[in-house]
Amino acid sequence: MKEQDVVEMLRHYRHDWLNDLQLLLGYAQLGKLDRIENKIQHIIKRSDQERGLDRLNIPKTMVWLYQLNWRSHTFQLEFQSVTNDQPTIVDDELLLTKIQKIFQILPSYQEEFQQYQGQLIFEKVDHLLHIHLIFDPNWADLDALKEELESLSFIDQVITDSQLKIVWQQD
C-alpha cells in the first residue's frame, strides 16, 4: 500500500467518525436518547464487521472493500465474518481478484440511478471459506447478469429469486 493510499484511507475514516460524532452531538442536543442509542449500536456493528474482516488476514481485500464503500456512489457493502477463532489462511490476492472480477461485471447491469446495498459474508465451513455476495434483485437484465456471473470459473452458484446471491469458495 502506498503512503498516499494510507493517507486517503485515514481521511475517509476520520470523515466517517466526525460524521458519527456530529450526529451523536446533534441527537444529544435534541434530547433524542433513542437515536443516540441506535447510532451507537450502528457504530458497534460496523466495528464488529471490521474486526471480523481483520481476523481473515486479507489486507489487500480489506483495503479494496473499504475504498469501494468510500468511492462508489452505486455500491455499498456491509461485511459479516462467520468464522471460529481458528486462524484462516486465505490467498488474499486471489480473493481480491475474484471480487474485482464480479465488480467489473455488476456495473453493466445496474439500473439507472439505483444504489445497491450489499452484504459480503465470509463463512468458514471446515477448512474452506464460503463467500456470499448478496444484493437486492433490481438489475437491468437479471437473467443476463446471472449468466455472465455463472461464466466465471470460480462461481459455485448464482441465485436470483428474492435476492441476487453469488456464492463461491476460497481455498
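In strand S5, glutamine 170 is the bridge partner of leucine 129, and this pairing is a convenient place to enter the structure, which is a predicted model. Leucine 129 and glutamine 170 belong to an arrangement in which strand S3 (residues 128-135) and S5 run antiparallel and are joined by seven bridges. On the sheet packs helix H4 (residues 92-105), which touches S1, S2, S3, S4 and S5, and the direction of H4 makes about 160 degrees with that of S5.

S5 also takes part in a second pairing, since strand S4 (residues 155-159) and strand S5 (residues 164-170) are paired in the antiparallel sense over four bridges. Here the bridge partner of valine 158 is isoleucine 166 in S5, and the two strands, S4 and S5, form a hairpin with four residues between them.

These pairings belong to an open sheet of five strands, whose order is S1-S2-S3-S5-S4 and whose pairing is mixed. The edges of the sheet are taken by strand S1 (75-82) and by S4, each of which has a single partner strand, so that one side of each is left without a neighbour in the sheet. On average, and with direction ignored, neighbouring strands of this sheet are turned by 15 degrees against each other. Strands of a sheet pair through backbone hydrogen bonds, either parallel or antiparallel.

The sheet can now be placed within the whole chain, whose secondary structure comes to five helices and five strands. Read along the sequence, the pattern of the protein chain is α-α-α-β-α-β-β-α-β-β, and the C-alpha trace spans about 55 × 40 × 35 Å along its principal axes.

How do the helices that precede the sheet in this pattern pack on one another? Helix H1 (residues 3-29) and H2 pack at an angle of about 160 degrees, and their axes lie 9 Å apart; H1 and H2 are therefore roughly antiparallel to each other. Their crossing, that of H1 with H2, is left-handed. On the side of H1 the contact is made by Tyr13, Trp17, Asp20, Leu23, Leu24, Tyr27 and Ala28, and on the side of H2 by Arg35, Ile36, Lys39, Ile40, Ile43, Arg46 and Glu50. By class, the residues of the contact of H1 with H2 divide into nine nonpolar and five charged, with no polar residue.

A record can be set beside this part of the chain: in an unreviewed entry, UniProt lists residues 4-51 for "domain: SpoOB alpha-helical". In the model, the span of residues 4-51 is 94% helix and 0% strand, and its end C-alpha atoms lie 24 Å apart.

From H2 the description passes to H3. Helix H2 (residues 33-55) and helix H3 (residues 59-71) pack at an angle of about 150 degrees, with 9 Å between their axes, and this makes H2 roughly antiparallel to H3 because the angle is over 145 degrees. The crossing of H2 and H3 is right-handed, whereas that of H1 and H2 is left-handed. Glu50, Leu53 and Asp54 of H2 make the contact with Met62, Leu65 and Tyr66 of H3, and by class this contact of H2 with H3 has four nonpolar, two charged and no polar residues. Glu50 of H2 is thus listed in the contact with H1 and also in the contact with H3.

H3 in turn meets the sheet, lying across S1 and strand S2 (116-125) and running at about 145 degrees to S1. H3 also packs against H4: the axes of H3 and H4 come within 7 Å and cross at roughly 30 degrees, and the two helices are therefore roughly parallel to each other. The contact involves Pro59, Lys60, Thr61, Trp64, Leu65 and Leu68 of H3, together with Asp92, Glu93, Leu95, Leu96, Ile99, Gln100 and Phe103 of H4. By class, the contact of H3 with H4 has eight nonpolar, two polar and three charged residues. Leu65 of H3 appears in this contact with H4 and in the contact with H2 as well.

Terms used
Residues are numbered from 1 along each chain as its sequence is written. This is a predicted model: local features need pLDDT of at least 70, side-chain atom pairs count only at pLDDT 80 or more; totals for chains, interfaces and linings use all residues. Side-chain values use heavy atoms; hydrogens and water are left out. UniProt positions are given in the numbering used here, feature names are shortened, and annotations may be inferred rather than shown by experiment. Axes are lines fitted to C-alpha atoms, for helices over the stretch in contact, and angles run from 0 to 180 degrees between N-to-C directions. Angles under 35 degrees count as roughly parallel, over 145 as roughly antiparallel, 65 to 115 as roughly perpendicular and the rest as oblique. A crossing is left-handed if the near helix is turned anticlockwise from the far one by less than a right angle, and right-handed if clockwise. Contact means heavy atoms within 4.5 Å. Ala, Val, Leu, Ile, Met, Phe, Trp, Tyr, Cys and Pro count as nonpolar, Asp, Glu, Lys and Arg as charged, and the others, Gly among them, as polar. Two strands pair if DSSP finds at least two bridges between them.
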